[in-house]
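Trainee: I have a structure to read today. Can you take me through its strands and cysteines?

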Amino acid sequence: MTLSPKRFVVFMAFSCCVFSLIAFAQSWPQWRGPNRDGFTADEWMASNWPDSLTTLWRVQVGAGYGSPVAQDGKAWLLTRRDELEYVSCFDLKNGNVLWQQSYPAPFNTNQYATRFGKGPFSTPTLADGRLYTLGVGGIVTCFDAETGEVLWRKSFTDGPPDSKTFFSGSSMAPLIDGERCIVHIGDDSYGALTAYHKETGAEIWKWQGDNPGYASPIVVEIDGVRQIVTLAQSHVIGVAVQTGELLWKIPFTSEWRENMPTPVLYNGMVIYSGVGRGVTAVTPKRGASGWTIEQQWHTDEVGMYMSSPVLVGDLLFGLSHFNKGQFFCLDAGSGKVLWLSEGRQGQNASIVKSGDFLLCLTTEAVLSVAKADSAAFQPVKSYRVAGSPTWATPVYFENKILLKDRDSLMLLQKTN
């Protein structure tokens, strides 16, 4: 068949659009997915829920809580073996290692945090052919994602971090915005939210108003100003992404100074939570004399310790740490709790929205598939996906799950 020039242009445009959609659907380049919000572009297993999942491959990778990232048939992961941190690139077809780099990462765990191990806790970030990692001791590295070549590296300390002030180590996932690689590095006594040039590693700006928490930041626009919003050690903060200027901050110190959940933005409101502090929604507003903060609502019925919530329309879904783990749904506009699941669901859960469903993976390696609605928590299917704890958020694509458990990486597929 011969296409006229006009039809050829239309055909090529259509083909490019289809290819773009497919490439996007298979891309999971950072913490919590393509947009850092717990949404997957694929409607993973949107129908015909199988009775079981098949393991296509499984490889030993070492310890670590961070999630894998994936794109174009490859996956990348940050892990630990003894006193070395490893950054590895895998072939998604078979789990073969395509390249691997390691570097010394000594870390003396605080006596009160030994049960969490030596990490690492951070998820890598993939952008423009580069991979950015943040090790447990504050080592920031930029790799060539294709070859593994180290392009630049920054270290928070010259030697092992002080276990008295570096409680559990770094856990935030690097954030790429424009030319900036943004990380919050430091310990309990000193820290700096820092923007490095993503290609050269040159420092662009630094804000030293609070030490890092364990949350990963998001970039949002509030009142016409593009800004980084995150939970630091003692505050919720908004920082101008271009300059590093502090726009606003709210005092917020949770129990044990462990601010972990990633906040979300809903209709101009920042929704955040911490262990023992319930869930709060505030509206930052810009005025002639600076920024003001107006609280919209607060609830003590639920609270989030380690788990980050997912916003679906007007509904906020999450895992409360009350009653040893309860899934919940609340109205994001009013803060009203619409339902609570039974307790004892798990210490932590990663929640991903796929199509009309929520994919909820607990640390007990149970994956529950539930309808994303306001009626109740009613799983339509549950799977035991591993034999050891699963702290990391999986990657969902093409009816497959790329999953990290305690010390291995595996690829699962639905079985009809």
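Trainee: How many bridges join strand 28 to strand 29?

Mentor: Keep in mind that this is a predicted model. Strand 28 covers residues 366–371 and runs antiparallel to strand 29. In this pair, serine 368 stands opposite serine 382. The number of bridges joining the two strands is five.

Trainee: Which strands stand at the edges of the open sheet?

Mentor: The open sheet has four strands, paired antiparallel in the order 26-27-28-29. Two of them have a single partner strand each, so one side of each is left without a neighbour in the sheet. These edge strands are strand 26 (349–354) and strand 29 (379–384).

Trainee: Which residue takes a positive phi in the hairpin of strand 24 and strand 25?

Mentor: Strand 24 (residues 326–331) and strand 25 (residues 337–340) run antiparallel, joined by three bridges. Across the pair, leucine 330 stands opposite valine 337. Five residues lie between the strands, and the positive phi, near 85°, belongs to glycine 335.

Trainee: Why does cysteine 181 form no bond with cysteine 142?

Mentor: A disulfide needs two cysteine sulfur atoms within 2.5 Å. Cysteine 142 holds the closest cysteine sulfur to that of cysteine 181, yet it is too far for a bond. The structure holds zero disulfides. The distance between the two sulfurs is 7.4 Å.

Trainee: Is cysteine 181 buried or exposed?

Mentor: Buried means under 20% relative accessible area. Cysteine 89 meets that cut-off, at 1%. Cysteine 181 has a relative accessible area of 0%, so it counts as buried.

How values were computed:
Residues numbered from 1 in each chain as written. Predicted model: local features only at pLDDT ≥ 70, side-chain atom pairs only at ≥ 80, totals over all residues. Heavy atoms only, no water. Buried < 20%, exposed > 50% of the residue type's maximum accessible area, 1.4 Å probe, protein only. Pairing = 2+ DSSP bridges.
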